[in-house]
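Grab the viewer and work through these exercises one by one. Each has a task, then a solution in small steps.

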Amino acid sequence: MAIYAHDKIVPDEKNVAAKKKQVAEMFNSIAGRYDFLNRFLSIGIDKSWRKKAIKELKEVKPKTLLDVATGTADVAIAAYKILTTEKITGIDISEGMLELGRKKIQALQLEEKIELHVGDSETINYADFSFDAITVAFGVRNFENLEKGLAEMLRVLKPGGKVSILEFSKPRAFMFKGIYNLYMRIVAPGFGKMFAKNKEAYAYLNNSVQAFPDREKFVAIMNETGFRKTYYKPLSLGICCIYCGSK
């Protein structure tokens with residue numbers, strides 16, 4: 001499988017540990033402030049982004065859904081409310097994030113509908129054709145091997161199933177692009193240091209976004225992996241994109 005520039009972007013270049021291990025440790029360290037910083041840094045717009053990505057799956061009326069890189073379960077919970085899916089499974093490599101997600105699910109009394117497990121997106125521990133739909137929100141940038149992660153999602157997806165991936169993109173409008181780059185390079189890491197005591201995590205955010213093969217390039221990778229009916233939709237002047245594909 002091909003190796004892309006973003007596959008090699010890690011939170012700490014001085015750390016010899018593999019990207020996957022570094023990412024898990026990074027999210028464990030910021031888990032307690034993750035939701036707050038998401039809302040703060042996006043001015044709350046991230047909630048609408050997630051909802052729009054989920055609504056792309058309405059046409060398949062999924063009874064079973066896998067939320068990859070589920071984090072604190074925001075997408076899993078929203079998917080249940082929007083799609084009324086019978087069973088949602090969330091996987092993530094960060095136990096710290098999952099613990100917060102489980103508390104949310106328990107507070108909403110959704111334990112029978114949503115379950116969370118430690119799981120590797122590149123070695124998904126479910127049989128072929130297990131899910132009607134798959135979601136990933138801001139997670140594919142963290143894959144150690146992008147193609148392997150996509151191939152695994154395709155494997156566990158049922159024929160006719162659909163994946164909806166939400167990921168940061170790079171704006172193309174000249175003026176807005178400059179403002180965005182300044183924000184991601186300086187402002188976001190600054191707030192990360194202030195609120196989460198982890199400037200490196202948000203510097204990694206910018207570095208991984210800049211290296212990620214977005215828009216047409218990512219759709220091409222999805223096609224090469226085996227997805228069909230692929231498309232993307234830019235959101236908020238291209239700050240992020242929804243990528244969809246079917247099996």
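**Exercise 1. Find which lysines gather in a patch of positive charge on the surface of this predicted model, and which helix gives the most to the patch.**

Step 1: Pick out the members, which are Lys 47, Lys 51, Lys 52, Lys 55, Lys 58 and Lys 81.
Step 2: Look for the main contributor. Helix α2, residues 45-55, gives the most, with 4 residues.
Step 3: Zoom in on one member. Lys 47 has its place in helix α2, and its relative accessible area is 47%. Partly exposed lies between the 20% and 50% cut-offs, so Lys 47 counts as partly exposed.

**Exercise 2. Work out which residues of helix α3 are buried and what covers them.**

Step 1: Go through α3, residues 74-83. The buried ones there are Val 75, Ala 76, Ile 77, Ala 78, Ala 79 and Leu 83.
Step 2: See what lies over them. The cover includes the helices α2 and α4 (95-107), along with the strands β1 (64-68), β2 (87-92), β3 and β4 (131-137).
Step 3: Step just past the end of α3. Thr 84 takes a positive phi there, of about 45 degrees.

**Exercise 3. Place His 117 and list its contacts beyond its sequence neighbours.**

Step 1: Locate His 117 in strand β3, residues 114-118.
Step 2: Check the exposure. His 117 has 32% relative accessibility, so it counts as partly exposed.
Step 3: Skip the neighbours within four places in sequence. His 117 then touches Thr 89, Gly 90, Ile 91, Asp 92, Leu 98, Arg 102 and Tyr 126.
Step 4: Try a distance. Ile 93 is 24 residues away along the chain, and its C-alpha is separated from that of His 117 by 8.6 Å.

**Exercise 4. Is Ser 208 buried or exposed, and what does it contact?**

Step 1: Find Ser 208 in helix α7, which runs over residues 199-211.
Step 2: Read the relative accessible area, which is 0%. Buried means under 20%, so Ser 208 is buried.
Step 3: Leave out neighbours within four places in sequence, and the contacts of Ser 208 are His 6, Ile 9 and Arg 141.

**Exercise 5. Find where Glu 144 sits and how far its C-alpha is from that of Asp 7.**

Step 1: Go to the loop between β4 and α5 (146-156), where Glu 144 has its place.
Step 2: Glu 144 counts as partly exposed, because its relative accessibility is 28%.
Step 3: The C-alpha atoms of Glu 144 and Asp 7 are separated by 5.1 Å, though their positions lie 137 residues apart along the chain.
Step 4: Beyond four places in sequence, Glu 144 contacts Asp 7, Ala 18, Lys 19, Lys 20 and Glu 122.

How values were computed
Residues numbered from 1 in each chain as written. Predicted model: local features only at pLDDT ≥ 70, side-chain atom pairs only at ≥ 80, totals over all residues. Heavy atoms only, no water. Patch = residues over 30% accessible without salt bridge, like charges linked within 9 Å, V, L, I, M, F, W, Y side chains within 5 Å. Areas by Shrake-Rupley, 256 points an atom, 1.4 Å probe, with all protein chains shown as cover. Salt bridge = Lys/Arg side-chain N within 4 Å of Asp/Glu carboxyl O. Lys, Arg positive; Asp, Glu negative; His and termini not counted. Charge placed at Lys NZ, Arg CZ, Asp CG, Glu CD. Helix = DSSP H or I, 4+ residues; strand = E, 2+ residues; numbered from the N terminus. Buried < 20%, exposed > 50% of the residue type's maximum accessible area, 1.4 Å probe, protein only. Contact = heavy atoms within 4.5 Å.
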